[in-house]
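Visitor: Please put the structure on screen. I would like to walk through its sheet and its helix packing.

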Amino acid sequence: MTSYKVLDVNDDLPIRTKGAVHSGKVRSVYWLTDEDSARLISEKGYQVPKGTELAIMVISDRISAFDCIWQGENGLNGVPGKGIALNSVASHWFKLFDKAGLAGNHIVDIPHPYVWIVRKASTVKVEAIARQYITGSMWRDYAKGTRNFCGIDLPEGLTANQKLDNVLITPSTKGIITGVAEIPEVDDVNITRENITNNLSVFNFKSEDDVAKYEQLLVEGFKLISEELAKLDQIFVDTKFEFGYVEDVDGSDKLIYIDEVGTPDSSRIWDGQAYRDGKIIENSKEGFRQLLINNVPDSDVLLNKDRMDEREQLAKDYTLPESVMLEVSDTYVGIASKIIGQEITIPSDPRSEVIAILDTEYGLIKQG
């Protein structure tokens with residue numbers, strides 16, 4: 001029996017909120033009451049305008065892949081330390097972005113390694129994807145003959161996992177975009193820069209200048225992370241950033257980074273020495289995807305979008321060996337410890353710790 005307690009359920013904490021808890025694949029968001037937001041801004045001295053809405057964002061140890069959540073045996077329904085690994089890496093990069101004079105982000109406080117206090121942002125409906133290597137879905141499409149990606153033409157003769165001359169920006173939709181003839185009404189479809197600039201308000205951009213601004217912040221952030229990872233002999237292959245608008249203290253709108261950046265969930269990270277030896281060692285979620293493909297009875301269920309019902313059923317019924325969950329834990333905790341420069345400690349009971357801190361230091365837990 002495993003000795004680990006993972007934080008697999010994160011949307012039922014007794015936090016005082018206004019409205020329902022919003023639960024995503026990995027993070028849950030608790031919007032605080034206006035009174036609690038105002039009190040914390042005053043008590044903690046957060047540098048945000050009065051009246052800013054705050055939320056508690058709690059990360060879980062759940063692991064999703066192929067749009068499904070996966071479980072392990074012995075009740076290990078998450079990857080030990082995964083939540084801390086992701087939060088630690090993202091907040092590490094955010095600090096370096098601040099130092100480098102890039103845009104700010106949505107985090108106003110970090111009460112516990114599993115918890116961020118964030119400010120409300122108006123989300124840009126673009127998954128901002130940057131790629132430095134041709135791999136994954138891009139390589140599969142290229143191998144089938146596709147040469148134009150998101151309005152960018154690639155040359156003939158590229159090989160799998162080859163480094164590209166420039167960082168490519170290949171955006172996709174965040175959520176379902178409706179009412180634009182050339183964009184299918186499904187989540188996560190590739191789009192061009194022109195699709196965005198022709199439909200600024202649909203994508204929630206305030207100006208064409210801000211489209212150029214997000215591209216600049218994406219490329220500059222990518223380069224910073226890439227250079228830092230190179231010092232650890234790790235390769236930053238591709239990544240996804242998200243952006244949103246917040247109100248600045250002076251009342252103006254400001255484009256910032258939101259969600260997470262440069263984590264093993266949102267990025268591909270390869271081992272440098274292995275790459276030079278002609279091998280790919282994944283230090284990111286891609287390793288887990290490959291494990292799934294090699295472990296499930298019929299891998300086509302995972303890869304074929306037309307078999308989504310079967311895939312969801314498989315994810316419900318299938319239990320991964322504990323050894324697989326612990327192997328994935330080693331990958332996440334290992335790369336995160338390298339990036340932040342110190343060993344990540346996995347808490348013995350994250351749920352109890354989170355509740356205790358939010359109660360004693362923030363006064364946010366419902367009594368009784």
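The questions below go through the sheet and then a pair of helices.

Visitor: Which are the edge strands of the open sheet?
Guide: This is a predicted model. The open sheet has five strands in the order β1-β2-β3-β7-β6, with antiparallel pairing. An edge strand pairs on one side only. The edge strands are β1 (22-23) and β6 (107-112).

Visitor: What is the bridge partner of His22 in β2?
Guide: β1 pairs with β2 (residues 27-31) in the antiparallel sense, over two bridges. In β2, His22 has as its bridge partner Val29.

Visitor: Which helix packs on the sheet, touching β3, β6 and β7?
Guide: The strands touched are β3 (54-59), β6 and β7 (115-119). The helix direction makes about 120 degrees with that of β6. The helix spans residues 350-360 and is α11.

Visitor: Is α2 roughly parallel or roughly antiparallel to α10?
Guide: The axes of α2 (residues 82-99) and α10 (residues 322-340) come within 9 Å and cross at roughly 25 degrees. Angles under 35 degrees count as roughly parallel. Therefore α2 is, relative to α10, roughly parallel.

Visitor: How many nonpolar residues are in the contact of α2 with α10?
Guide: On α2, the contact includes Leu86, Val89 and Trp93. On α10, Tyr332, Val333 and Ile339 are among the residues met. Two polar residues and one charged residue also take part. The nonpolar count is nine.

Visitor: What is the hand of the crossing where α2 passes α10?
Guide: The two axes cross at roughly 25 degrees. As α2 passes α10, the crossing is left-handed.

Key: Residues are numbered from 1 along each chain as its sequence is written. This is a predicted model: local features need pLDDT of at least 70, side-chain atom pairs count only at pLDDT 80 or more; totals for chains, interfaces and linings use all residues. Side-chain values use heavy atoms; hydrogens and water are left out. Two strands pair if DSSP finds at least two bridges between them. Helices (H or I, at least four residues) and strands (E, at least two) are DSSP runs, numbered from the N terminus. Contact means heavy atoms within 4.5 Å. Axes are lines fitted to C-alpha atoms, for helices over the stretch in contact, and angles run from 0 to 180 degrees between N-to-C directions. Angles under 35 degrees count as roughly parallel, over 145 as roughly antiparallel, 65 to 115 as roughly perpendicular and the rest as oblique. A crossing is left-handed if the near helix is turned anticlockwise from the far one by less than a right angle, and right-handed if clockwise. Ala, Val, Leu, Ile, Met, Phe, Trp, Tyr, Cys and Pro count as nonpolar, Asp, Glu, Lys and Arg as charged, and the others, Gly among them, as polar.
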